[in-house]
Number of protein chains: 2
Amino acid sequence: MSDTREQILEQIKEQGELVRQLKASKESKEKIDEEVSRLLALKAKLGGDAAPANQKFTLKTPKGTRDYAPQQMTLRQGVLDKIVQVFKRHGGEAIDTPVFELKEVLTGKYGEDSKLIYDLKDQGGEILSMRYDLTVPLARYLAMNKISSIKRYHIAKVYRRDNPAMTRGRYREFYQCDFDIAGTYDPMLADAECVKIVAEVLDTLDIGDYVIKLNHRQLLDGMFEACGVPPNNFRAICSAVDKLDKSPWAEVRKEMVEEKGLDGATADRIGEYVRLSGGAELVEQLLADPKLKAVPNAVKGLEGMQLLLKYCSLFGLEQRVSFDLSLARGLDYYTGVIYEGVLKAEPGSTGSPVKTLQNGDQAPEQGGTVGSVAGGGRYDNLVGMFDPRGKAVPCVGVSIGVERIFSVLEAKFAASKVKLRTNDVEVYVASAHKGLHEQRLRVLNQLWDAGIKAEHSYKVNPKLLVQLQHCEEHQIPLAIVLGDAELAQGIVKLREVRTRQESNVTLAELPAEIRRRLQE
Amino acid sequence: MSDTREQILEQIKEQGELVRQLKASKESKEKIDEEVSRLLALKAKLGGDAAPANQKFTLKTPKGTRDYAPQQMTLRQGVLDKIVQVFKRHGGEAIDTPVFELKEVLTGKYGEDSKLIYDLKDQGGEILSMRYDLTVPLARYLAMNKISSIKRYHIAKVYRRDNPAMTRGRYREFYQCDFDIAGTYDPMLADAECVKIVAEVLDTLDIGDYVIKLNHRQLLDGMFEACGVPPNNFRAICSAVDKLDKSPWAEVRKEMVEEKGLDGATADRIGEYVRLSGGAELVEQLLADPKLKAVPNAVKGLEGMQLLLKYCSLFGLEQRVSFDLSLARGLDYYTGVIYEGVLKAEPGSTGSPVKTLQNGDQAPEQGGTVGSVAGGGRYDNLVGMFDPRGKAVPCVGVSIGVERIFSVLEAKFAASKVKLRTNDVEVYVASAHKGLHEQRLRVLNQLWDAGIKAEHSYKVNPKLLVQLQHCEEHQIPLAIVLGDAELAQGIVKLREVRTRQESNVTLAELPAEIRRRLQE
């Protein structure tokens, strides 16, 4: 790398020869590409003049992914910190799992969505896939370690080969923030706490008014049974209902009848139910419904809802939750309560441009709500699918749709024109004139060793004006200005960047004085 | 999922039929496996009795990867927090990049190690590879966004299809913690700050005595030239020198002569130099060396070392750094200063079992040092390899080998038998007798809304003894014990778990009193 120009030219010649040989002997494309890249890299060393085509690919991140710049990272870290605070307030412990799993671990868990899983290339060894969510890895972790109870949170990226809609906060690589309670407990106590957690997260993030929709898979199944859906068609009809938040009933009905072979009258009976939503009074009403009363699954689901609504009201959530029979949720593995936190449209807004949510959920394009930002439910059989003896560990959990939340907050910040600070520097150490860089290093060392966040110019003799401008641009609160005259007396100038007021401080007192100023 | 047994049996029958049809029509293995998994999943729903073979694969994480349990996460988070504190003290801003890159981005950057890159399967679209380090993605990010200066840190996992040695802290998926300074600056100012950062990180983590080895690629090249190595053999000989920390000179010499075709006398001349280490006096000595004096690259490298050592001593690092001519570092892209933080063996220890480091670095099996825990250097040409016009952005950076550090700390904790708390619960809400679960939920809600970390049993009527044992096992400092008699007076018992002392507190004063106790 520190080779002379002649050496590089010689290396280019040799490398070019190697590439020609490889091509002549019809080596693999991979091998040839590798050596061509080396050749281009060598040419690049010579600079622009000798290297017309430094690279031949578009400089980009993979489709559906993005970099996070410091500004976005600051925002994101703020959101995640608040969410973790809520999770910890409920006794959550953190775990982490590998970004990929044996392919078999994911197989058969996601129904129709399995086609969106990223597979790794078979490079001789195990066949691997990127994780699709954090729930299946949790189930694998619990079964593998024979853990029968845990309250864990997990914040990590997951991968879906979906059609990205990045301007709407939908990516192929995105964060999930999950909190789950595993263990054999009494009904609805853990479930209600998950609903409470959704409310606390949305309250603390302060991203607007919301409602938490509640439903129950057992009630959905019971309702399908009461309407006359054949049992082996339950999951397919359920996944049709799931589309109700982005499609009108007429379309969903069409899918049920034309694609899923449902009798039209049966579909109409379902249509009557799925338009219902309300609170405890709706549960009462349905418990009295002659068709549902006759189906044990429906009664059990309704009794579950009754208990859940009671606990939610003890948690102060009566005005926040809505029992909604159209809520179905896409994933196959839910077995009990399901819920979804949905942002309401701002008054006067025509609906948000963001209508799609990361975790596969869809928000309606029009109407009173603008997007699902949290969702979850109970899945009592997933861990058992991994246990060699089928031992079940009942689980209930919630996933916060943070990418959607990032998008909302990014839009808010862009609108407010407030500039977020992306570093925490407290003091900038500046030279008033030439020849002071070693003095700067001494002062910086003193500050760092005292735990103070400090930086300086990496130029030996920077201009004072440039240094002070840097402080103002980066909103650094304090600057130290070094000058020979003051240093001779063991003194430096301490400047408040905002007010531009300066005062003299002795070097010995500097760290203590800086701390005092920062606390003001 | 809430289907009855009969429904599941019917589904199993249908699914079995589907699998038979697929096999008969010789469908793809993938398709068949998928449906077999669904079949097994259905069988699993019936529980152990009906499902003898719930799964046919070993329940494990992919080779070379691991889960992090809560205990490990607590330790890890503590380490990462301390490292981030150091990075921020030096003005670092965070960025993040996708876990995979276009394959071409990585091609030609890692020399011999390229074979260790994980590729993704071609599923129709771009050809992707998992990131191998955080440096190449940074270079791609800078070139893509035309950023010419930044001080950034990045903490994320990277992927290498290496031979894992997990008991020694070497994995295929592992964390890197990188801090890099990009920009066109005056010599060695940013470089010395990176060395200071290594020292601050190792000091704050308090994992034992260490030394930071320093060398310079330009000096290495000059030294090779002075010894008579042909220029096109520099990188190969450099990568042989890199093995000196795990192999004796005799072996490295053999590799140079037998594999890399070096003349024996030339190798011996190299052998004379690479055994040298010291401080400023060694630089003086080498500047006077007749063979080196004649080679401009060697003189420039030595002058660089001279400046670096001076700045390091202004940073109070004189006793911490060692100019070491055997330090070469494996990666191709370094162009200037290189450094490595190495833990020294504990006095009386026979050498650590951990001899290998994550970032590809190797530590010696025997001798005075036990392992490299940080490394980095200057790479001035890497960003230019991505810029269409070859525009260079000089960079210098450091990577902290946190997996190695986790291993050291995990061993320390295991030896100390101290039990780390894995959650932060402050108060446990207990029932003294039956029938109090709704009261518990009310009290919990009051505490959560006041920001207090609280939990309870998810049983309606748990035994008091079991609840109190839970508090002691989990080191929860406070418990609230609810009883009808006290509740009738608007009072609860507040118990200090450690001392078992109890006192009465009114419900209204509860949050304030808890905060007071926690501050004590």
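Are α11(B) and α13(B) roughly parallel or antiparallel to each other? Keep that puzzle in mind while we look around this model, which is a predicted one.

Let's start with the overall layout. Chain A splits into three parts: domain 1 covers residues 1–59, domain 2 covers 70–416, and domain 3 covers 427–519. If you take the centres of domain 2 and domain 3 of chain A over their C-alpha atoms, you'll find 53 Å between them.

Now bring in the other chain. Two copies of a chain are related by a rotation about an axis and a shift along it. Here, turning chain B by 180°, with 0.0 Å of shift along the axis, lays it on chain A with an RMSD of 0.1 Å. The two copies are therefore related as by a two-fold rotation axis. Both copies also use the same surface, since 99% of the contact residues of chain B turn up again in chain A.

Back to the opening puzzle. In chain B, helix α11 (residues 280–287) packs against helix α13 (residues 296–314) at an angle of about 160°, and their axes lie 10 Å apart. Angles over 145 degrees count as roughly antiparallel, so α11(B) and α13(B) are roughly antiparallel to each other. Their crossing is left-handed. On the α11(B) side, the contact is made by B:A280, B:V283, B:E284, B:L286 and B:L287, while α13(B) brings B:V299, B:L302, B:M305, B:Q306 and B:L309. Sort these contact residues by character and you get eight nonpolar, one polar and one charged.

Another pair in chain B is helix α7 (residues 217–227) with helix α10 (residues 264–274), packed at about 140° with axes 9 Å apart. That angle makes α7(B) oblique to α10(B). The crossing in this pair is right-handed. From α7(B) come B:M223, B:F224 and B:C227, and they meet B:T266, B:R269, B:I270, B:Y273 and B:V274 of α10(B). The tally for this contact is six nonpolar residues, one polar and one charged.

Finally, have a look at a pair that joins one chain to the other. Helix α16 (residues 437–449) belongs to chain A and helix α6 (residues 189–205) to chain B; they pack at an angle of about 25°, with 13 Å between their axes. Angles under 35 degrees count as roughly parallel, which means α16(A) is roughly parallel to α6(B). These two helices cross in a right-handed way. Chain A supplies A:L441, A:N445, A:W448 and A:D449 from α16(A), and chain B answers with B:L189, B:E193, B:K196 and B:E200 from α6(B). What mix of residues is there in the contact of α16(A) with α6(B)? They divide into three nonpolar, one polar and four charged.

Definitions and conventions
Residues are numbered from 1 along each chain as its sequence is written. Chains are lettered from A and ligands numbered from 1 in the order in which they are written. This is a predicted model: local features need pLDDT of at least 70, side-chain atom pairs count only at pLDDT 80 or more; totals for chains, interfaces and linings use all residues. Side-chain values use heavy atoms; hydrogens and water are left out. Domain bounds come from an automatic or database domain assignment. Axes are lines fitted to C-alpha atoms, for helices over the stretch in contact, and angles run from 0 to 180 degrees between N-to-C directions. Helices (H or I, at least four residues) and strands (E, at least two) are DSSP runs, numbered from the N terminus. Angles under 35 degrees count as roughly parallel, over 145 as roughly antiparallel, 65 to 115 as roughly perpendicular and the rest as oblique. A crossing is left-handed if the near helix is turned anticlockwise from the far one by less than a right angle, and right-handed if clockwise. Contact means heavy atoms within 4.5 Å. Ala, Val, Leu, Ile, Met, Phe, Trp, Tyr, Cys and Pro count as nonpolar, Asp, Glu, Lys and Arg as charged, and the others, Gly among them, as polar. Copies are superposed by least squares on the C-alpha atoms of residues with pLDDT of at least 70 in both.
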